[in-house]
Amino acid sequence: MSIDLTQRLRDRVAIITGGASGIGFATAKRFAAEGAFVVIADVDPTTGEAAAAEVGGAFRPVDVADEAKVNALFDGVAEEFGRIDIAFNNAGISPADDDSIETTELPAWDRVQDVNLKSVYLCSRAALRHMVPAGRGSIINTASFVALLGSATSQISYTASKGGVLAMSRELGVQFARQGVRVNALCPGPVNTPLLQELFARTRSAHDDVSCTCRWDDSPSRRSSRPRSPSSPPTTPRSSPPARSWSTAASPTPTSRRCERPPPRCDRVKA
Ligand SMILES: NC(=O)c1ccc[n+]([C@@H]2O[C@H](COP(=O)([O-])OP(=O)(O)OC[C@H]3O[C@@H](n4cnc5c(N)ncnc54)[C@H](O)[C@@H]3O)[C@@H](O)[C@H]2O)c1
């Protein structure tokens with residue numbers, strides 16, 4: 001038996017934080033292609049409005065670190081559109097002042113924890129208030145490979161925040177499965193988005209190419225993926241594995257070419 005997967009999200013309402021760029025925007029396009037109504041929730045109104053227009057969805061401004069704004073986002077979407085089926089809690093930052101533990105000060109630590117970890121707590125809680133009574137829903141939180149592997153070029157608060165996202169998602173998954181809500185975390189490897197390009201630019205100017213090379217050694221394939229949304233989602237027999245949402249082998253882009261040429265192995269000792 002074959003099943004049409006092209007519209008498997010028909011009539012679903014999805015909120016995507018950080019949906020204006022990178023992984024979030026690629027996911028928004030894919031969700032929309034599969035029939036979902038997508039609400040792009042982002043701190044950047046210019047790119048947010050444009051992204052929402054491109055996927056035929058709605059834009060709602062939000063700072064995911066702000067409790068009142070997060071609650072207003074989820075309650076407002078539920079009221080306006082009647083339901084929340086998917087919460088993709090994906091917004092994240094990787095600022096320059098989050099670096100080695102030896103040089104990272106508390107303000108940088110706190111800001112990254114607020115945007116990357118506290119936000120996932122706030123957004124998950126706000127989503128659950130609607131999903132639990134409905135007896136269904138899917139929460140997807142973006143962690144990172146650094147939550148599992150650590151990173152040769154340290155961003156101490158970022159890595160700690162992503163470890164927190166992964167652990168929290170596991171616990172929420174166990175707790176809410178019986179109430180019909182699935183909770184999962186993604187741990188992407190390097191994906192060629194503005195966030196990663198900024199990190200490489202910074203790493204190159206602040207350190208040297210060795211630091212840059214070390215970052216590639218964090219990736220088993222030693223290359224980045226790029227956010228991508230296939231124009232036509234596949235129709236797949238039910239027995240086949242599901243198509244991957246966005247992560248495909250990448251070809252080098254000019255912005256990161258220096259790092260993408262086959263680098264020598266990193267000879268730094270990884271903590
Ligand atoms: N790019 C990678 O290599 C990589 C790897 C692993 C995990 N991630 C994670 O994936 C997620 C998406 O990253 P990306 O690479 O697509 O980055 P990106 O910079 O392309 O997109 C991040 C989006 O989040 C928004 N945002 C930032 N702070 C916000 C806030 N306080 N409130 C609301 N929105 C805010 C930005 O405006 C932007 O649209 C992040 O959580 C990131 O940590 C990225």
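What is the order of the six strands in the open sheet, and in which sense do they pair?

**Entry: the sheet.** I worked from a predicted model. I read the strand order of the open sheet as β4-β3-β2-β5-β6-β7, with parallel pairing. I then looked for the edges and found β4 (58-61) and β7 (181-186), each of which pairs on one side only. For the twist, I noted that neighbouring strands are turned by 15° against each other on average, with direction ignored.

**Entry: one strand pair.** I took strand β2 (residues 13-17) and strand β3 (residues 37-42) as an example. I found five bridges between β2 and β3, in the parallel sense. Within this pair I located threonine 17, which stands opposite alanine 41 of β3.

**Entry: helices on the sheet.** Which strands does α1 lie across? I recorded β2, β3, β5 (86-89) and β6 (137-142), and I noted that α1 runs at about 170° to β2. I next examined helix α6 (residues 156-176), which packs on the sheet and touches β6 and β7. The direction of α6 makes about 160° with that of β7.

**Entry: α3 against α4.** I compared helix α3 (residues 67-81) with helix α4 (residues 106-134); their axes come within 9 Å and cross at roughly 30°. Because angles under 35 degrees count as roughly parallel, I entered α3 as roughly parallel to α4. The crossing of α3 and α4 is right-handed. On the α3 side I listed Glu67, Val70, Asn71, Phe74 and Ala78, and on the α4 side Leu122, Cys123, Ala126, Ala127 and His130. By class, I noted seven nonpolar residues, two polar and one charged in this contact.

**Entry: α4 against α6.** At what angle do the axes of α4 and α6 cross? I read roughly 15°, with the axes coming within 8 Å. I therefore entered α4 as roughly parallel to α6. I recorded the crossing of α4 and α6 as right-handed. Among the α4 residues in this contact I noted Trp109, Val112, Leu117, Tyr121 and Leu128. The α6 residues that they and others of α4 meet include Tyr158, Lys162, Val165, Met168 and Phe176. The contact of α4 with α6 comprises 13 nonpolar, six polar and one charged residues.

**Entry: the ligand shell.** Which of the 28 residues around the ligand come nearest? I found Gly18, Gly22, Gly92, Thr193 and Leu195. I then asked which elements give two or more residues to this shell. I identified α1 (22-33) and α7 (194-206). By class, I recorded 15 nonpolar, 10 polar and three charged residues in the shell around the ligand.

**Entry: cross-reference.** I marked α1 for its two roles: α1 lies across strands of the sheet, and α1 also gives residues to the ligand shell. I marked α6 likewise, since α6 touches β6 and β7 and also crosses α4.

Conventions. Residues numbered from 1 in each chain as written. Predicted model: local features only at pLDDT ≥ 70, side-chain atom pairs only at ≥ 80, totals over all residues. Axes fitted to C-alpha atoms, helices over the stretch in contact; angles between N-to-C directions. Helix = DSSP H or I, 4+ residues; strand = E, 2+ residues; numbered from the N terminus. Parallel < 35°, antiparallel > 145°, perpendicular 65-115°, else oblique. Left-handed = near helix turned anticlockwise from the far one by under 90°. Contact = placed C-beta atoms within 7 Å. Nonpolar A, V, L, I, M, F, W, Y, C, P; charged D, E, K, R; others polar. Near = placed C-beta within 6 Å. Pairing = 2+ DSSP bridges.
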